[in-house]
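Open the model in your viewer and keep the selection tool at hand. The tour goes from the whole chain to single elements.

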Amino acid sequence: MNRPFELDAVEFPFTDRWLPYRDGCIHYVDEGQGPAVLLLHGNPTWSYLYRNVIKELRAEFRLIAPDYPGFGMSKAPDGYRFTPQEHSKAVHDLIQHLNLKELILVVQDWGGPIGLNYAVRHRDNLRGIVVMNTWAWPAKILPMKLFSLAMGGWPIGYWLQTQRNFFAKVIVPHGIYHAEKVTNRLRKAYTDPFPTPESRIPTWVFPRYIRKARKWLADIESKLSNLSDLPAYILWGTKDSAGFPLEQMAKWKKYLPMNETEILEDASHYVQEDRPERVAAAIRTLSKRIEGGVRL
């Protein structure tokens, strides 16, 4: 397989790996050796989001970062509808294909529901979890509901995403607190995966399914108690206006009582872009806690 778009080799110096997926393929990064860490992205990002985390930790961990079908360099199979349920199944299939064991799961944005759907059903395959600005329950707060209606609605939301590539062009830069990090190179890395109106449909489906996946999200929430003994690190950017106030963080602290929590006053929604060194530190700290016996 060849890359569908160009990337700076310094920014993304990783070997491309591809899993045939029906008549499509899943692109993923698999770097380093050591305890397995699965890094899950959200909308409209891809494995590029974790590039600086991977570069810092690959001497200590095995880091696996997939692109969901329709995102990054992955190619969706025919009939794929880009729902979070399908993405979660794709992640499950990748875990099985790579025979990943005793994972540390790292989630943000839609990576939360996608990863937690696996986690609540496979607790025995997890060592720990790092949670950043995400959720795993039906949206109840007004900002998330309004966001879903605006960005995932018809016809305005559909037009914004498919015709204007609004998520990649506008929301990503505004979701990074440190404006100096929003370079032309970064903008290009997030817009290049969506060159045509049709290719941008996945970025419309995600906000739409904040409402459409309520039953699925409720099922995940009903099983979060399965993770009550799971060592966790909660890393939260406070400058996030996309529906992730500290009240959402408090819910995670309730569901993951074996947590250590860090609040970042200088990070927005895309914590991995604002403070990648803190994401790496959270993974490292959590792993040491697990190795030494979990203590709070």
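The stops below begin with the overall fold and end at one loop residue.

**Whole chain**

Show everything as cartoon. This is a predicted model. The protein has 12 helices and eight strands. Its radius of gyration is 17 Å, close to the 19 Å that the globule rule gives for 296 residues, so the protein is as compact as a globular protein of that length. Along the principal axes, the C-alpha trace spans about 50 × 40 × 40 Å.

Switch to a surface. About 12000 Å² is exposed, and carbon and sulfur atoms supply 52% of that area. Buried residues account for 60% of the 296 residues. Of the contacts between residues at least 6 apart in sequence, 78% join residues at least 24 apart. Now colour by charge. The mean positions of the 39 positive and 32 negative charges lie 5 Å apart.

**Helix 9**

Select residues 214-222, which form helix 9. Which of its residues are buried? They are W216, L217, I220 and E221. Look down the helix axis: the buried residues fall within an arc of 140°, so they line one face of the helix. The spacing rule helps here: an α-helix has 3.6 residues a turn, so residues three or four places apart point the same way.

Add the partners. The buried residues of helix 9 pack against helix 2 (84-98), helix 3 (111-119), helix 8 (201-212) and helix 10 (246-255).

**Helix 3**

Stay with one of those partners, helix 3. How many of its nine residues are buried? Nine are, and helix 3 is mostly covered. Show side chains, and include I114, L116 and Y118, which are among the buried residues. Two glycines among them are G111 and G112.

**Helix 5**

Next, select residues 156-164 for helix 5. Its buried residues are G157, L160, Q161 and T162. Their cover includes helix 4 (142-151), helix 6 (166-174) and helix 8. Step just past the end of helix 5 to N165, which takes a positive phi of about 50°.

**K181**

Finish in the loop between helix 6 and helix 7 (184-191), where K181 lies. Is K181 buried or partly exposed? At 30% relative accessibility, K181 counts as partly exposed. Leaving aside neighbours within four places in sequence, K181 is in contact with L186, E273, D274, R275 and P276. For a last distance, pick the C-alpha atoms of K181 and H41. These two residues are 140 residues apart along the chain, and their C-alpha atoms are separated by 19 Å.

Methods. Residues are numbered from 1 along each chain as its sequence is written. This is a predicted model: local features need pLDDT of at least 70, side-chain atom pairs count only at pLDDT 80 or more; totals for chains, interfaces and linings use all residues. Side-chain values use heavy atoms; hydrogens and water are left out. Helices (H or I, at least four residues) and strands (E, at least two) are DSSP runs, numbered from the N terminus. The radius of gyration is taken over C-alpha atoms; the globule rule is 2.2 Å times the number of residues to the power 0.38. Buried means under 20% relative accessible area, exposed over 50%, partly exposed in between (1.4 Å probe, protein chains only). Contact means heavy atoms within 4.5 Å. Accessible areas come from the Shrake-Rupley method with a 1.4 Å probe; for residues, only the protein chains shown count as cover. Lys and Arg count as positive and Asp and Glu as negative; His and the chain ends are not counted. The place of a charge is taken as NZ of Lys, CZ of Arg, CG of Asp or CD of Glu. The arc is that of the directions from the helix axis to the C-beta atoms.
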